[in-house]
Amino acid sequence: MPIKTVLYVSKAHAHKLSQLRTLLPLAKHKNARLLITGILVFDGRHFLHVLEGPSKNIDALMARILMDRRHRSIRILLEQRDQERYY
């Protein structure tokens, strides 16, 4: 099954590390159900996020992220289809 990969960066909008620690387990569980894997890097001000999974699921997740007020200045740096996962 082809895998869609998206890499984006964004600026965090008033995000606290404690909020991220609460959100991560919930997102990880939901993404696992949707067959989405990836990696998230947060430096306190910026997110760098790689997502991979079924195209339909990645597109739906990216639509939610683009509407999420916790992100500003979202830039999609990579969007591709591949045959294998990296994460």
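Here are some worked exercises on the predicted model shown above.

**Exercise 1. The nonpolar core**

Find the residues of the largest nonpolar core, and work out which element supplies the largest share of this core.

*Solution.*

Step 1. Begin with the members: the largest nonpolar core has 8 residues, namely Val6, Tyr8, Ile36, Leu51, Ile58, Leu61, Met62 and Ile65.

Step 2. Now assign them to elements. At least two residues of this core come from each of β1 (3–12) and α2 (55–67).

Step 3. Compare the shares: α2 gives the largest one, with 4 residues.

Step 4. For a closer look, pick methionine 62. Leaving aside residues up to four places away in sequence, methionine 62 touches Val6, Tyr8, Leu51 and Ile76.

**Exercise 2. The two sides of a helix**

Determine how the buried residues of α2 are arranged when seen down the helix axis, and name the exposed residues on the face turned away from them.

*Solution.*

Step 1. Check the geometry. α2 has 13 residues and spans 19 Å from its first C-alpha to its last, close to the 18 Å expected at 1.5 Å a residue.

Step 2. List what is buried in α2: Asn57, Ile58, Leu61, Met62 and Ile65.

Step 3. Look down the axis of α2. The buried residues fall within an arc of 130 degrees, so they line one face of the helix.

Step 4. Turn to the face of α2 directed away from the buried side; Lys56 and Met67 are the exposed residues carried there.

Step 5. Asparagine 57 deserves a second look. With a relative accessible area of 15%, asparagine 57 falls under the 20% cut-off and is buried. Its contacts, not counting residues up to four places away in sequence, are Leu34 and Ile36.

**Exercise 3. Salt bridges**

How many salt bridges does the model have, and which residues are joined into one network?

*Solution.*

Step 1. Recall the principle: side chains of opposite charge can pair when their charged atoms come close. The count here comes to 3 salt bridges.

Step 2. Take the pair of aspartate 59 and lysine 4, whose side chains meet at 2.4 Å, N to O. Aspartate 59 belongs to helix α2 and lysine 4 to strand β1, so this pair ties together parts that are 55 residues apart in sequence.

Step 3. Lysine 4 also forms a salt bridge with glutamate 79, with the closest N and O atoms 2.8 Å apart. Because glutamate 79 sits in strand β4 (residues 71–82) and lysine 4 in strand β1, the parts tied together are 75 residues apart in sequence.

Step 4. Consider accessibility. Lysine 4 is buried at 4% relative accessibility, whereas aspartate 59 is partly exposed at 38% and glutamate 79 is partly exposed at 48%.

Step 5. Add the bridge between aspartate 68 and arginine 70, where the closest N and O atoms are 2.6 Å apart. Aspartate 68 counts as buried at 18%, while arginine 70 is partly exposed at 34%.

Step 6. Look for shared partners: they join Lys4, Asp59 and Glu79 into one network.

**Exercise 4. Strand pairing**

Work out which strands pair with β1, and describe how β2 and β3 are connected.

*Solution.*

Step 1. Follow β1 to β4: the two pair in the antiparallel sense over 9 bridges. One concrete partner to locate is arginine 75 in β4, which is bridged to valine 9.

Step 2. Then go from β1 to β3, an antiparallel pairing over 8 bridges. Here lysine 4 has glycine 53 of β3 as its bridge partner.

Step 3. Relate this to burial. In β1, 9 of the 10 residues are buried, so the strand is largely enclosed by the rest of the structure.

Step 4. Move on to β2 (residues 37–42) and β3 (residues 46–53), which pair in the antiparallel sense over 6 bridges. Phenylalanine 42 has phenylalanine 47 in β3 as its bridge partner.

Step 5. Inspect the connection: β2 and β3 form a hairpin with 3 residues between them, and glycine 44 in the turn has a positive phi of about 100 degrees.

Step 6. Finish with leucine 48, a residue of strand β3. Leucine 48 is partly exposed at 33% relative accessibility. Setting aside residues up to four places away in sequence, leucine 48 touches Leu7, Tyr8, Val9, Ile39, Leu40 and Val41.

Note on methods:
Residues numbered from 1 in each chain as written. Predicted model: local features only at pLDDT ≥ 70, side-chain atom pairs only at ≥ 80, totals over all residues. Heavy atoms only, no water. Core = buried A, V, L, I, M, F, W, Y, C linked by side-chain atoms within 4.5 Å. Buried < 20%, exposed > 50% of the residue type's maximum accessible area, 1.4 Å probe, protein only. Contact = heavy atoms within 4.5 Å. Expected span 1.5 Å × (residues − 1). Arc of directions from axis to C-beta. Salt bridge = Lys/Arg side-chain N within 4 Å of Asp/Glu carboxyl O. Pairing = 2+ DSSP bridges.
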